[in-house]
Amino acid sequence: MSQDCIFCRIARGEIPSRKVYEDEDVLAFHDINPAAPVHFLIIPKVHVVNLYDADMAHQAVLGKVLGMAGQLAREQGLTDGFRTIINNGRVGRQEVYHLHMHVLGGPDPLRSGLNTP
Ligand code: 5GP
Ligand code: ZN
């Protein structure tokens, strides 16, 4: 846990969020500035900066982040498809340095912001 990290603070409940899902390992919550009609983030509760910082010790929790995505997307109404994005580092346009996976969906998530390809 990082004291000042905004997503650690959200994971600790110190900053409110619109929760999508929570268990002991992961938290999913709606993005405060949605780039698509449905836009939520899935984070490991443990502070991992980004995929540069990840190693095999994070295999289980990162597997869970991926493994939850389809079920959570479906529960949010995304039954025809969705996009996932993980931004890493400066060139990867990462803004919050706590690893998170964006889940985006709606009529046309390909047109969403987030500097997608
Ligand atoms: P990044 O560019 O790091 O991949 O994306 C960070 C995302 O976190 C952005 O889409 C931004 O809107 C979202 N975000 C930043 N601060 C907060 C916050 O306090 N609460 C929520 N729910 N989302 C946030
Ligand atoms: Zn953190």
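This is a quick tour of a zinc site and some salt bridges in a predicted model.

Start with the metal. The zinc ion (ligand 2) is held by two sulfur donors, C5 (SG) and C8 (SG), along with H47 (ND1) and H98 (ND1), at 2.0 to 2.3 Å. The angles among the 4 donor atoms run from 106 to 118 degrees, which makes the site tetrahedral. For reference, the ideal angle for four tetrahedral donors is 109.5 degrees. If you want to find the donor residues in the sequence, look for the spacing C-x2-C-x38-H-x50-H. C5 has 9% relative accessibility, so C5 counts as buried, and C8, at 0%, is buried too.

Now for the charged pairs. The whole structure has 6 salt bridges, including these:

| Pair | Closest N to O distance |
|---|---|
| E22 and K19 | 2.9 Å |
| D23 and K64 | 2.9 Å |
| K64 and D25 | 2.7 Å |

K64 sits in helix 2 (residues 59–75), while D23 is in the loop between strand 1 (19–22) and strand 2 (26–30), so the pair links parts of the chain 41 residues apart. D25 lies in the loop between strand 1 and strand 2 as well, so its bridge to K64 ties together parts 39 residues apart in sequence.

How accessible are these side-chain partners? D23 is buried, with a relative accessible area of 12%, whereas D25 is partly exposed at 30%. K64 is also partly exposed, at 23%. In the other pair, E22 is partly exposed at 34% and K19 is exposed at 51%.

Elsewhere, R9, R12 and E14 are joined in a network of salt bridges.

Notes:
Residues numbered from 1 in each chain as written. Chains lettered and ligands numbered in written order. Predicted model: local features only at pLDDT ≥ 70, side-chain atom pairs only at ≥ 80, totals over all residues. Heavy atoms only, no water. Donors = N, O, S within 2.8 Å, 3.2 Å for Na, K, Ca; no water. Tetrahedral: all angles 85-135°; square planar, octahedral: opposite > 155°, others 65-115°. Buried < 20%, exposed > 50% of the residue type's maximum accessible area, 1.4 Å probe, protein only. Salt bridge = Lys/Arg side-chain N within 4 Å of Asp/Glu carboxyl O. Helix = DSSP H or I, 4+ residues; strand = E, 2+ residues; numbered from the N terminus.
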